[in-house]
Structures are given as structure tokens and as C-alpha cells.
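Student: Please take a close look at one part of this model with me. I would like to go through its charged side-chain pairs.

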Amino acid sequence: MKEITITTQFKVFDSIQDLPNDIQELMTQAVEVRKNAYAPYSKFRVGVAIFLDNGKIVLGSNQENAAYPSGLCAERVAIFYAGAVYPEAKILKMAITAASDSNQTTAPIPPCGSCRQSIAEYEIKQETPIEIYFMGEIGAIYKSESLKNLLPFMFDKKFL
Ligand code: THU
């Protein structure tokens with residue numbers, strides 16, 4: 001028997017003010033677009049801002065549906081929009097913030113498993129890591145240098 005250990009690494013910023021200027025700006029846009037979440041069922045609002053290598057910023061918020069699985073997370077709204085409108089552009093940076101209408105979220109809130117899988121597809125396609133910053137409503141921001149830190153053992157096209 002052998003054992004495999006996988007380690008993963010994140011940087012921690014104490015607040016938005018501690019982020020580099022460009023990321024502060026990106027996170028501020030994510031906070032702003034979080035208001036556009038259509039979340040009548042969960043009352044949980046997620047905002048995402050993506051910076052592309054063509055200089056454009058693409059935004060997304062979660063969009064829910066009475067048939068629950070028909071809704072979509074903010075991260076996928078944003079990356080699919082980027083893929084649909086700027087298919088040649090690389091996604092360089094992603095800022096994510098999540099807030100609940102019922103209680104203040106203080107812990108960094110990471111993208112769900114399905115969103116990680118979707119982000120992985122683009123990171124592999126573009127052969128360039130995506131920096132991912134995520135936070136709650138207030139409090140610390142975690143930074144991952146690549147989606148790979150958030151999804152060790154990822155399934156991708158090399159297995160097909
Ligand atoms: N949600 C996101 O937008 N991103 C995630 O990564 C996790 C969950 C949304 C989906 C749903 O509208 C609400 O948050 C509660 O799960």
C-alpha cells in the first residue's frame with residue numbers, strides 16, 4: 001500500500017483594502033453585481049467579476065428558478081458569458097463574493113464543485129492559470145493562484 005498526499009495553497013488577505021489595487025477594483029465590481037442576483041428562493045447572493053486578457057471585465061450573478069436545478073451559479077453565468085462573447089480571450093482573474101439576506105457571511109465562500117469543474121475546463125483550454133479570489137460579505141479574502149488548488153484530482157479531457 002502506498003499513500004498519496006496532495007497539498008494545496010492559498011494566500012489570505014484580511015480585507016478588501018489589503019488586496020492589490022486591480023483586485024480591489026475587481027472585487028468592488030463583484031460586490032456591486034451581487035445586488036443583481038435573482039435569488040428569491042435561497043436569498044443567497046453571489047457576485048463575480050472576471051478580468052480577461054483583452055482588458056474586458058465580465059460580470060455575473062446567480063440566477064435562480066422555481067424549478068431549482070434550472071438556475072445557475074454566478075461563476076458559471078460569468079464564465080459562460082465570457083466564453084460566449086469573447087471566445088478567444090483568456091480568463092486571468094476572478095473575484096467572487098457571496099452574501100446572504102438572512103445572516104452576514106464572514107468566511108471566504110469558495111465556488112461550488114460544479115463551478116470548479118466548469119472553471120477547470122477554461123483553465124485547461126487556455127493553458128494559463130486563473131487567479132481566483134473569494135470572500136463572504138465581509139472578512140478575509142482567499143486567493144488561489146490557479147483553479148487546480150481548488151480542485152485537486154480534477155477530471156479533464158486527458159482521461160477521455
Ligand atoms: N451559488 C453560486 O452562485 N455559486 C456557488 O458557487 C455556490 C452557490 C448560488 C446558487 C444558488 O442560487 C445559491 O447560491 C444558493 O446555493
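Student: Which residues form salt bridges here, and how exposed is Glu-145?

Tutor: Keep in mind that this is a predicted model. Six salt bridges are present in the structure. Side chains of opposite charge can pair when their charged atoms come close.

Start with Glu-145, which pairs with Lys-11; their closest N and O atoms lie 3.1 Å apart. This salt bridge connects distant parts of the chain, since Lys-11 sits in strand S1 (residues 11-13) and Glu-145 in the segment after strand S6 (141-144), 134 residues apart. Glu-145 has a relative accessible area of 35%, so it is partly exposed. Lys-11 is also partly exposed, at 44%.

Next, Arg-45 forms a salt bridge with Asp-101, with 3.0 Å between the closest N and O atoms. Here too distant parts of the chain are linked: Arg-45 belongs to strand S2 (residues 44-52), while Asp-101 lies in the loop between strand S4 (91-100) and helix H3 (113-126), 56 residues apart. Arg-45 has a relative accessibility of 23% and counts as partly exposed; buried would require a value under 20%. Asp-101 is partly exposed, with a relative accessible area of 46%. Apart from this pair, Lys-11, Lys-143 and Glu-145 are joined into one network by salt bridges that share partners.

Finally, Lys-35 and Glu-32 meet through their side chains in a salt bridge of 3.0 Å, N to O. Lys-35 counts as exposed because its relative accessibility is 55% and the cut-off for exposed is over 50%. Its partner Glu-32 is partly exposed, at 46%.

Notes: Residues are numbered from 1 along each chain as its sequence is written. This is a predicted model: local features need pLDDT of at least 70, side-chain atom pairs count only at pLDDT 80 or more; totals for chains, interfaces and linings use all residues. Side-chain values use heavy atoms; hydrogens and water are left out. A salt bridge is a side-chain nitrogen of Lys or Arg within 4 Å of a carboxyl oxygen of Asp or Glu. Helices (H or I, at least four residues) and strands (E, at least two) are DSSP runs, numbered from the N terminus. Buried means under 20% relative accessible area, exposed over 50%, partly exposed in between (1.4 Å probe, protein chains only).
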